[in-house]
Amino acid sequence: MVKDKMVELLQEHFELNLYEARAYVALVGFGVLTPAELASVSEVPAPRTYDVLRSLEKKGFAISQPGKVNKYRPVHPENILEKFIEEWQERVKEELEAKKKAKEELLQLMRPLIETEIPKYGVEKVWVVRGIRNATLKTKEMFEEVKEQILLADDGYIAINLESDLIKAIDNGAKAKIIVTPNVLQRLGTSKIMDYYKKGKLELKVLDKFELPMLICDDEVFFALEDMAARYFNYETQIWIKDFRVKALFEAKFNEYWEKAKKA
């Protein structure tokens, strides 16, 4: 019903609760109502009508006319809804600035902790990362920290979705060798990765299939455990390892793929 949709929109976007939204729609429809009349024409319970109407008045959606029995009329929807949006925009700006300031303050306060991260946690060599969002954040971090070499065997996510991070790492001096499957190569199309390949800034090959997609950045290795159901729901379990011996094993596997692959 149209009335239900109006109530839903007022609740979802204009911060009215269910009874307030029903009351405002009734006021717009009938023009002027007493609390008793509101109870008879809407689904607002009689014991709640006084509180609901006073709340609407406080929020700027209604105006009261004092008398033996108070009467209420609605503020025109165009006026109050536009005013609400303007105030909301200002509030969002203020909240955004507050969050930015809080971020800077937190970074300043945490700097001593960040600077001591390696000696405190350097013994940690293996992490389990679950979910596409966390995997993306970890991959970005690897690209930010890589200094010398990137080896990427990718069957469908990193080259396409983290292209800018990969390119930035190359611009910062890292050498890159990339293997992709034919469908990924097709999707890269006119991407900057293809542009860098044509200019000789990275090496790129294509291989029909490889059973172990991986990302190696210097001594860090990142790969997903095979789980098709988890991949379907974007909740793959991925493993990050920082160990030169493990890196050597994965690099040997990467080199096997590289030998079999063809130039893009």
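What covers the buried residues of α9? The views below, taken from a predicted model, begin with this helix.

**View 1. Helix α9 and its surroundings.** Helix α9 spans residues 163-171. Its buried residues are Asp165, Leu166, Ile167, Ala169 and Ile170. The elements that cover these buried residues include two helices, α7 (132-145) and α11 (192-198), together with two strands, β4 (149-154) and β5 (175-180). After α9 comes Gly173, which has a positive phi near 115°.

**View 2. The crossing of helices α1 and α2.** Two packed helices are described by the angle between their axes and the distance between the axes. Helix α1 comprises residues 2-14, and helix α2 comprises residues 18-30. Their axes come within 9 Å and cross at roughly 125°. Because this angle lies neither in the range from 65 to 115 degrees nor over 145, α1 is oblique to α2. The crossing of α1 with α2 is right-handed.

**View 3. Residues in the contact of α1 with α2.** From α1, the residues Lys3, Met6, Val7, Leu10 and Gln11 take part. They meet Leu18, Ala21, Arg22, Tyr24 and Val25 of α2. Sorted by character, the residues of this contact are 7 nonpolar, 1 polar and 2 charged.

**View 4. The annotated region, residues 10-78.** An unreviewed UniProt entry annotates residues 10-78 as "domain: Transcription regulator TrmB N-terminal". Over this stretch the chain is 54% helix and 12% strand. The C-alpha atoms at the two ends of residues 10-78 are 13 Å apart.

How values were computed. Residues numbered from 1 in each chain as written. Predicted model: local features only at pLDDT ≥ 70, side-chain atom pairs only at ≥ 80, totals over all residues. Heavy atoms only, no water. Axes fitted to C-alpha atoms, helices over the stretch in contact; angles between N-to-C directions. Helix = DSSP H or I, 4+ residues; strand = E, 2+ residues; numbered from the N terminus. Parallel < 35°, antiparallel > 145°, perpendicular 65-115°, else oblique. Left-handed = near helix turned anticlockwise from the far one by under 90°. Contact = heavy atoms within 4.5 Å. Nonpolar A, V, L, I, M, F, W, Y, C, P; charged D, E, K, R; others polar. UniProt positions renumbered as here; feature names shortened; annotations may be inferred. Buried < 20%, exposed > 50% of the residue type's maximum accessible area, 1.4 Å probe, protein only.
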